[in-house]
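Here is a briefing on one protein structure. Keep the model open as you read, and look up each residue in turn.

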Amino acid sequence: MTKELDFDAIKAAAESHRADMTRFLRAMISHPSESCEEGEVVACIKAEMESLGYDEVKVDGLGNVMGFIGDGDKIIAIDSHIDTVGIGNIENWDADPYEGYETDEIIYGRGGSDQEGGMASATYAAKMMKDMGLIPEGYKIMVVGTVQEEDCDGMCWQYIYNKDGIKPEFVISTEPTDGGIYRGHRGRMEIRVDVHGTSCHGSAPDRGDNAIYKMADIIADVRALNNNGCDESTDIKGLVKMLDPKYNPEHFEDARFLGRGTCTVSQIFYTSPSRCAVADSCAISIDRRMTAGETWESCLDEIRNLPAAKKYGDDVKVSMYMYDRPSWTGEVYETEAYFPTWINKETAPHVKALVDAHKAMFGDERIGCEPSMDKRTGRPLCDKWTFSTNCVSIQGRYGIPCVGFGPGAESQAHAPNEVTYKDDLVTAAAMYVAALNLYDPSQADGDATVFRAGLTNNKID
């Protein structure tokens, strides 16, 4: 049985912390915190948690900051990644991205939506639960600010799971959800294609074998793989084929929920003896988003089987990236650049808890301040992310149930002039308090998972 909650009191408590959450978010934004450089913002968060009376606050070996409230044996975690991308061309910003400004409705600055706004809401939600006597019996609440997500999403949770030995019952991700409750998203992987050539003097290019020209053919095929349809007459059948039961009989409905897979060339590299020589190697990175029914093997084989890749035979190598960049503490956790697809049931207890909390406090449609509603009106309350999150490890790799609800907008992520919305900070804080108290694991109907992609054969935890 779920407990009777005073939803008006929860909303009032969240509203009473509007100014606190705004101040805290602006403090976090003021500390530049690109991946592997999060030390200052970790110190800021740790100090805030300690000042709010958390029962325990610690920083693990990788540099994740964790605050705990409650004394139960079981853990419910609220996750926010606290690293950001860079600012890009400063000329595209109207104000200092690390100082910014606020209005009655918005907070401006790098990381506001992606994703330190979620950290502000989660931090104060846990304080509210403690102050209101709403820590669920038998549980402790873990609020974690995770590092290196922008570099390698989910690797931080591989560390938490395998090195810290923390295995929550379920996790709320505070990534921005545009006022929705999200129960899945596509996976992704980072693919590298290397092409071998032979250099010669640029005055007689026919004496060499230009690797850039070979790669140009492969790039054209990668573009076709993303853009083409899938009729029988199409030589390179496009990734849209996974929405068709003919090509994806077991998982086409899940693929239609998540959206089709995509691929795009994200980087290009070359070697050449000089500007007056033929290039002797060329490489590209491919960002590959994976829908239900696609596997890491199928994605690599698709590139290997492109007409241009087959044409150049042994001169072409297709592989998956590995990640081994040191964290801000100097710790290295090597992993593969593969991030599994996942979907949870809408009826799973952890998802239902957020849906029930939203309906009880705010109704069954997405809400927000006026500047945010053009991205929210008409969209289902329970949906999925377009981009990827730490849930690729939490749920995709380890099967720990996840659900998403976070302040801000997906469209603000990685964009210049990033903003988030003060109303969202308040709404999210109230949602976390109510949902954790409406969560009823006895309502589980088997496994929470609808779809979860398989892992590789690499020796990766």
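Strand 9 pairs with strand 15 (residues 338-339) in the antiparallel sense, over 2 bridges. This is a predicted model. The points below start with strand 9, then turn to a small sheet, a helix pair and some backbone details.

**Strand 9 and its partners**

- Within the pairing with strand 15, Met189 stands opposite Tyr338.
- Strand 11 (residues 281-290) is joined to strand 9 by 10 bridges, and the two run antiparallel.
- Find Glu190 next: its bridge partner in strand 11 is Asp287.
- Strand 12 also pairs with strand 9 in the antiparallel sense, over 5 bridges.
- Two residue pairs show this link to strand 12: Arg192 stands opposite Ser319, and Val193 has Val318 as its bridge partner.
- Strand 12 covers residues 316-320 and is mostly covered, with 4 of its 5 residues buried.

**Val195, a residue in strand 9**

- Strand 9 spans residues 187-196, and Val195 is found in it.
- Is Val195 buried or exposed? Its relative accessible area is 2%, so Val195 is buried, the cut-off being under 20%.
- Which residues does Val195 contact, leaving aside its neighbours within four places in sequence? They are Ala211, Lys214, Met215, Ile218, Asp280, Ser281, Cys282, Asp315 and Val316.
- Leu354 makes a useful distance check: Val195 and Leu354 are 159 residues apart in sequence and 49 Å apart in space, C-alpha to C-alpha.

**An open sheet of 3 strands**

- The strand order in this open sheet is 8-16-20, with antiparallel pairing.
- Strand 8 (184-185) and strand 20 (449-452) stand at the edges. Each has a single partner strand, so one side of each is left without a neighbour in the sheet.
- Strand 16 (residues 342-344) and strand 20 run antiparallel and are joined by 3 bridges.
- Look for Ile343: its bridge partner in strand 20 is Phe451.

**Helix 2 against helix 12**

- Helix 2 (residues 18-29) packs on helix 12 (residues 422-438) at an angle of about 115 degrees, and their axes are 10 Å apart.
- Why are they called roughly perpendicular? Angles of 65 to 115 degrees count as roughly perpendicular, so helix 2 and helix 12 fit that label.
- The crossing of helix 2 and helix 12 is right-handed.
- Which residues meet here? From helix 2 come Arg18, Met21, Thr22 and Leu25, and from helix 12 come Lys422, Asp423, Leu425, Val426 and Ala429.
- By class, this contact between helix 2 and helix 12 has 5 nonpolar, 1 polar and 3 charged residues.

**Backbone details**

- A cis peptide bond joins Asp114 and Gln115, with omega about 20 degrees.
- Gln115 is found in helix 4 (residues 112-131).
- Cys36 is not a glycine, yet it has a positive phi of about 75 degrees.
- Where is Cys36? It lies in the loop between helix 2 and helix 3 (39-51).
- Cys36 has 12% relative accessibility, so it counts as buried.
- Asn417, also a residue other than glycine, has a positive phi, near 60 degrees.
- Asn417 lies in the loop between strand 18 (402-404) and strand 19 (419-421).

Technical notes: Residues are numbered from 1 along each chain as its sequence is written. This is a predicted model: local features need pLDDT of at least 70, side-chain atom pairs count only at pLDDT 80 or more; totals for chains, interfaces and linings use all residues. Side-chain values use heavy atoms; hydrogens and water are left out. Buried means under 20% relative accessible area, exposed over 50%, partly exposed in between (1.4 Å probe, protein chains only). Contact means heavy atoms within 4.5 Å. Two strands pair if DSSP finds at least two bridges between them. Axes are lines fitted to C-alpha atoms, for helices over the stretch in contact, and angles run from 0 to 180 degrees between N-to-C directions. Angles under 35 degrees count as roughly parallel, over 145 as roughly antiparallel, 65 to 115 as roughly perpendicular and the rest as oblique. A crossing is left-handed if the near helix is turned anticlockwise from the far one by less than a right angle, and right-handed if clockwise. Ala, Val, Leu, Ile, Met, Phe, Trp, Tyr, Cys and Pro count as nonpolar, Asp, Glu, Lys and Arg as charged, and the others, Gly among them, as polar.
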